[in-house]
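Welcome! Here is a short guided tour of a protein structure, meant for someone meeting it for the first time. Take a look at the sequence and the model, and then read on.

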Amino acid sequence: VQLQASGGGWLQAGGSLRVSCVASEDTYSDSVMGWFRQAPGSEREFVASITGKDRGINWVSYADSVRGRFTISRDKAKNTVYLQMNRLKFEDTAVYYCAARRSRYCDGYECRDIHSYDTWGQGTLVTVSS
């Protein structure tokens, strides 16, 4: 299974952008999906995650730095996960990676742990100018 991230680009601070991640198969259509990012010279860090359906709900989790500005969502029929990014800041500049975890659920730590994910996409670059 491959994950293909797209939608990155260059924009000014305060703007909005949506990045997408498409899975080549429906293996992960109801699995935990996450977005991570890596800025130059920094470690890869958690951004957001979304679970499979649990009692009819896709549970989401966000890093403190993006909560209230970013929204993760998924379209199961399209095997696609989205990250809508609003009110972008210079410090949001990074390569954004999507990842899949071979499980429908995750607890708080697992959702945010880079090592909990099994498959990674190639990344898409988001550059925010100040």
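## A disulfide between Cys 106 and Cys 111

Let us begin with one pair of cysteines in this predicted model. The torsion about the S-S bond of Cys 106 and Cys 111 is about 90 degrees, so this disulfide is right-handed. The sulfur atoms of Cys 106 and Cys 111 lie 1.9 Å apart.

Are these two cysteines buried or exposed? Cys 106 has 17% relative accessibility and therefore counts as buried, because the cut-off is under 20%. Cys 111, at 6% relative accessibility, counts as buried too.

## A disulfide between strands

How many disulfides does a search of the whole structure find? The search turns up two. Besides the pair described above, Cys 21 is joined to Cys 98, with an S to S distance of 2.1 Å. This pair links distant parts of the chain: Cys 21 belongs to strand β3 (residues 17–23) and Cys 98 to strand β9 (residues 94–101), 77 residues apart.

About the S-S bond of Cys 21 and Cys 98 the torsion is about 60 degrees, so this disulfide is right-handed. Cys 21 and Cys 98 are both buried. If you count the bonded cysteines along the chain, the disulfides follow the pattern 1-2, 3-4.

## The four-stranded sheet

Strand β3, home of Cys 21, is also part of an open sheet. This sheet has four strands in the order β1-β3-β8-β7, and their pairing is antiparallel. At its edges are β1 (3–6) and β7 (70–75), each of which pairs on one side only. From one strand to the next, the twist averages 15 degrees.

Now look inside the sheet, where β3 pairs with strand β8 (residues 80–85) in the antiparallel sense over six bridges. Which residue of β8 stands opposite Cys 21? That residue is Val 81.

## The partners of β11

Strand β9, which holds Cys 98, leads us to another set of pairings. Three bridges connect β9 with β11, and these two strands run antiparallel. Here Val 95 stands opposite Leu 125 in β11.

Strand β11 (residues 124–129) is also joined to strand β2 (residues 9–12) by four bridges, and β2 and β11 run parallel. Gln 12 stands opposite Ser 129 in β11. As a general reminder, strands of a sheet pair through backbone hydrogen bonds, either parallel or antiparallel.

Key: Residues numbered from 1 in each chain as written. Predicted model: local features only at pLDDT ≥ 70, side-chain atom pairs only at ≥ 80, totals over all residues. Heavy atoms only, no water. Disulfide = S-S within 2.5 Å. Buried < 20%, exposed > 50% of the residue type's maximum accessible area, 1.4 Å probe, protein only. Pairing = 2+ DSSP bridges. Axes fitted to C-alpha atoms, helices over the stretch in contact; angles between N-to-C directions.
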